[in-house]
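Let us take a walk through this structure together, one region at a time. Have the sequence and the 3D view ready as we go.

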Amino acid sequence: MNSERRNVALLTACQAMLLTNNSTLIAINGLAGLALAANRSLATLPVTCWVLGAAVATMRASLHMKRVGRRRGLTLGTLWGFAGALICAGAIWLQSFWLLCFGALVFGVYNAYGQYYRFAAADAASVQFRPTAISLVLAGGLIGGVLGPTTSRLTVELLPQRFLGAYLALTLFLLVTVALLRFIRIPDPSAAEQQAAGRPLSEIARQPKYLVAVAGAAIGYSVMNFLMTSTPIAMGICGHPYGAAAFVISSHVVGMYLPSFFTGGLIRRFGSLRVMFAGALLNVVCVAIALSGIEIAQFWFALVVLGVGWNFLFIGATTLLTETYRPEERAKAQGANDSAIFVMMALSSFSSGLIVTNLGWNSVNYAALPLVAIIMAAIAWLALRNRRQRSAAV
């Protein structure tokens with residue numbers, strides 16, 4: 001196995017561990033928050049803090065890895081995960097809502113570093129292999145989509161304090177991640193690469209392609225997070241058991257990552273913009289299904305479609321983004337992109353809890369539509385602009 005494919009395989013396994021932990025947190029954080037919060041409108045605040053931790057750390061994580069290299073940087077990020085998981089477990093033991101929020105904030109730093117697995121694969125891949133490398137790394141989330149909710153179901157009641165066992169289980173997957181990262185072989189940046197600055201971020205960000213790539217990733221992630229975060233709470237309000245909510249989240253995460261085995265091929269054949277537009281259309285289909293009723297099957301079908309839509313939008317946007325910067329600019333270009341994603345996710349997760357607990361599940365779905373319309377319009381605009389430029393060149 002050549003080094004390019006070996007690194008992709010290892011990063012895929014790291015992504016699987018990341019998504020195992022993330023999907024476990026998604027399944028339990030809102031419910032743990034609901035159990036501990038004095039005001040149930042704050043139920044999703046731990047989820048929001050998890051996203052905020054990533055938002056605050058993501059640019060620093062990118063610049064840190066430019067200095068020390070991918071392997072050392074990603075390993076340090078995993079250590080933040082250990083700290084966050086143990087703080088969350090302590091919060092459950094002490095029945096402290098605000099300590100739970102702080103633990104989730106710390107764990108979010110690990111998530112910030114983990115989001116660069118896809119870029120680490122892209123940076124080390126040839127131009128032709130790059131869409132496939134990104135897709136295959138994200139496909140690791142398929143394992144996490146099954147393993148995470150399954151772990152939460154088995155551990156949520158394992159110890160006397162509900163949720164304590166689930167938070168402690170996160171540390172096992174973090175240990176596996178540390179072991180896997182020891183075998184990554186991505187060269188550390190040279191002194192020249194560390195010093196090179198490239199164009200200012202403001203100049204990079206003025207590119208229409210960069211703007212649409214960032215908007216596609218940020219809006220696609222925020223809509224997905226907005227609907228997904230409120231789903232376990234909505235299902236609980238509708239009287240469905242926790243096991244059903246965990247199954248729906250598990251299926252949703254499978255929907256997010258199973259298409260990764262062929263999304264790279266679709267991008268090579270049809271282009272990033274067409275794949276992104278298809279993802280946005282699937283978001284509209286998801287909302288239509290969700291508004292059709294509140295049976296478990298409707299929650300399940302809507303969340304699976306939402307996952308596939310996210311996959312097309314996110315991988316398409318990530319591939320598009322890699323076409324907008326030079327090697328010496330990747331740290332700030334990637335960092336700004338992921339900062340935008342996490343800021344949007346923080347807003348969506350917090351507002352999701354407020355809306356679902358005060359206005360209901362249907363209102364959550366209606367609120368998602370304007371964002372979907374914005375990204376569809378942006379993709380169409382860039383596609384038309386590109387067509388006009390090609391026509392003018394002829």
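A good place to begin is helix H15, which covers residues 296–321: its 26 residues reach 37 Å from the first C-alpha to the last, close to the 38 Å expected at 1.5 Å a residue. That expected span is 1.5 Å times one less than the number of residues in the helix. Helices here are DSSP runs of H or I with at least four residues, strands are runs of E with at least two, and both are numbered from the N terminus.

Before going on, please note that this is a predicted model, in which local features need pLDDT of at least 70 and side-chain atom pairs count only at pLDDT 80 or more, while totals for chains, interfaces and linings use all residues. Residues are numbered from 1 along each chain as its sequence is written, and side-chain values use heavy atoms, with hydrogens and water left out.

How much of H15 is buried? The count is 21 of its 26 residues, so the helix is largely enclosed by the rest of the structure. Buried means under 20% relative accessible area, exposed means over 50%, and partly exposed lies in between (1.4 Å probe, protein chains only).

Now follow the chain out of H15. The loop between H15 and helix H16 (330–358) holds Glu329, and Thr324 lies in the loop between these helices too. Glu329 has 0% relative accessibility and therefore counts as buried. Thr324, at 3% relative accessibility, counts as buried as well. Which residues does Glu329 touch, leaving aside its neighbours within four places in sequence? They are Ala197, Gly198, Arg199 and Ile204, where contact means heavy atoms within 4.5 Å. With the same kind of neighbours set aside, Thr324 is in contact with Arg199, Ile204, Gln207, Lys209 and Tyr210. Look also at Arg199 and Glu329: a polar atom of the Glu329 side chain lies 2.8 Å from the backbone nitrogen of Arg199.

Beyond this loop comes H16 itself, with 29 residues. From its first C-alpha to its last it reaches 42 Å, close to the 42 Å expected at 1.5 Å a residue. After H16 comes Gly360, whose phi is positive, near 105 degrees.Next, the aromatic rings. The structure holds 9 aromatic pairs; rings of Phe, Tyr and Trp (its six-membered ring) pair if their centres lie within 6.5 Å, and planes under 30 degrees apart count as stacked, over 60 as edge-to-face and the rest as tilted. One of these pairs is formed by Tyr116 and Phe119, and it is tilted, at 6.0 Å centre to centre with 40 degrees between the planes. Tyr116 counts as buried at 0% relative accessibility, and Phe119 is buried with a relative accessible area of 0%. Another pair joins Tyr221 and Phe314: their ring centres are 5.1 Å apart and their planes stand at 80 degrees, so this pair is edge-to-face. It links distant parts of the chain, with Tyr221 in helix H11 (residues 208–237) and Phe314 in H15, 93 residues apart. Both Tyr221 and Phe314 are buried. These two residues also belong to a cluster in which ring pairs link Tyr221, Tyr257, Trp310 and Phe314.

Tyr221 leads us on to the empty spaces. A search of the whole structure finds 1 cavity of 30 Å³ or more, and about 130 Å³ of space lies in the largest cavity. On a 1 Å grid over the protein atoms alone, a cavity is a set of points where a 1.4 Å probe fits but cannot get out, and a pocket is an open set with protein on both sides within 12 Å along at least five of seven lines; lining residues have an atom within 4 Å of a point. Grid points are joined across faces, edges and corners, and a volume is the space filled by probe spheres set on the points. Of the 16 residues lining the largest cavity, Leu19, Asn22, Ile26, Trp50 and Tyr221 lie nearest its centre. Helix H1 (3–36), H11, helix H12 (242–257) and H16 are the elements that give two or more residues to this lining.

For an open space, turn to the second largest pocket, with a volume of about 350 Å³. It is lined by 17 residues, of which Leu273, Arg274, Ala383, Asn386 and Arg390 lie nearest its centre. The elements giving two or more residues to this lining are helix H14 (272–290) and helix H17 (361–393). Which of the elements gives the most to the lining? That is H17, with 8 residues.

Two loop residues complete the walk. Gln95, in the loop between helix H3 (70–94) and helix H4 (97–114), has a positive phi near 55 degrees, in a residue other than glycine. Phe163 is found in the loop between helix H7 (141–155) and helix H8 (164–181). Its phi is positive too, at about 85 degrees, although Phe163 is not a glycine. Phe163 counts as buried, with 4% relative accessibility.

Technical notes:
A polar contact is a pair of N or O atoms within 3.5 Å; within protein, one must be able to donate a hydrogen and the other to accept it, and residues adjacent in sequence count only if both atoms are side-chain atoms.
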